[in-house]
Amino acid sequence: MTTPQAKIRFAQRCKQLALGLSLVGLAWQVSAQTQVDDAWVRATVAGQPSSGAFMTLTASSDSKLLSVQSPVAKAVQIHESSMKDDVMKMQQVESVALPAGKAVSFDPHGYHIMLMDLTAQIKEGDQVPLTLTVEDAKGEKEIIQVQAIAKALGTMDHNKMMHDHSKMN
Ligand SMILES: [Cu+2]
């Protein structure tokens with residue numbers, strides 16, 4: 001049994017510990033903070049099964065993007081596009097490294113977030129909620145809520161966009 005006094009002493013010790021940690025340096029305080037810029041989703045035409053989400057992520061400490069979720073898609077994968085023998089290919093990756101301070105862009109040319117099995121059409125101007133899970137080097141997870149704006153850029157679907165460079169904007 002802990003007496004109320006013991007509890008107070010414990011709380012004080014916690015405070016001192018927290019103070020001590022904060023004095024260790026700013027690095028600890030700002031760990032696991034990732035900035036999200038220019039998040040957007042490609043609007044779809046009716047019946048289109050998938051789309052892509054794009055953005056720029058800048059982590060304050062070495063981190064990695066682990067996963068993305070969205071209510072508009074039954075499955076969300078992180079993909080990487082690459083040229084192999086002159087053919088554009090994309091494959092799922094487990095995570096994407098976010099080196100400290102470096103802006104990592106998710107765009108049609110490289111990494112992108114693929115929204116699969118869409119639950120409804122994504123119309124231009126829609127706000128598409130995305131939930132990003134980022135993990136820092138210490139294994140601390142950060143959950144980031146993003147509202148990505150749907151833009152209708154061109155009429156080609158995600159697959160064509162991925163496989164035909166000449167039509168990319
Ligand atoms: Cu893809």
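This passage describes the fold, the nonpolar core and one loop residue of a predicted model.

The chain contains 10 strands and 3 helices. In sequence order, the elements follow the pattern α-α-β-β-β-β-β-β-β-β-β-β-α, with two helices ahead of the strands and one helix after them. Of the 169 residues in the chain, 22% are buried. Contacts between residues at least 6 apart in sequence were also examined, and 73% of these join residues at least 24 apart.

The largest nonpolar core comprises 23 residues. Within this core, the residues with the most contacts are V41, A53, V128, L130 and A148. At least two core residues come from each of the strands β1 (34-42), β2 (51-59), β3 (63-69), β8 (111-118), β9 (127-136) and β10 (141-151). The surroundings of L130 were considered without its neighbours within four places in sequence; on that basis, L130 is in contact with A39, A53, V68, S70, V146 and A148. Two of these partners, A53 and A148, are also listed among the core residues with the most contacts.

T119 lies outside the strands, in the loop between β8 and β9. This residue counts as exposed because it has 11 C-beta neighbours inside 10 Å, and the cut-off for an exposed residue is 12 or fewer. When neighbours within four places in sequence are left aside, T119 is in contact with V72, A73 and K74. The C-alpha atom of T119 is separated by 9.5 Å from that of S50, a residue 69 residues away along the chain.

How values were computed: Residues numbered from 1 in each chain as written. Predicted model: local features only at pLDDT ≥ 70, side-chain atom pairs only at ≥ 80, totals over all residues. Helix = DSSP H or I, 4+ residues; strand = E, 2+ residues; numbered from the N terminus. Buried ≥ 20, exposed ≤ 12 C-beta atoms within 10 Å, placed from the backbone. Contact = placed C-beta atoms within 7 Å. Core = buried A, V, L, I, M, F, W, Y, C linked by C-beta atoms within 7 Å.
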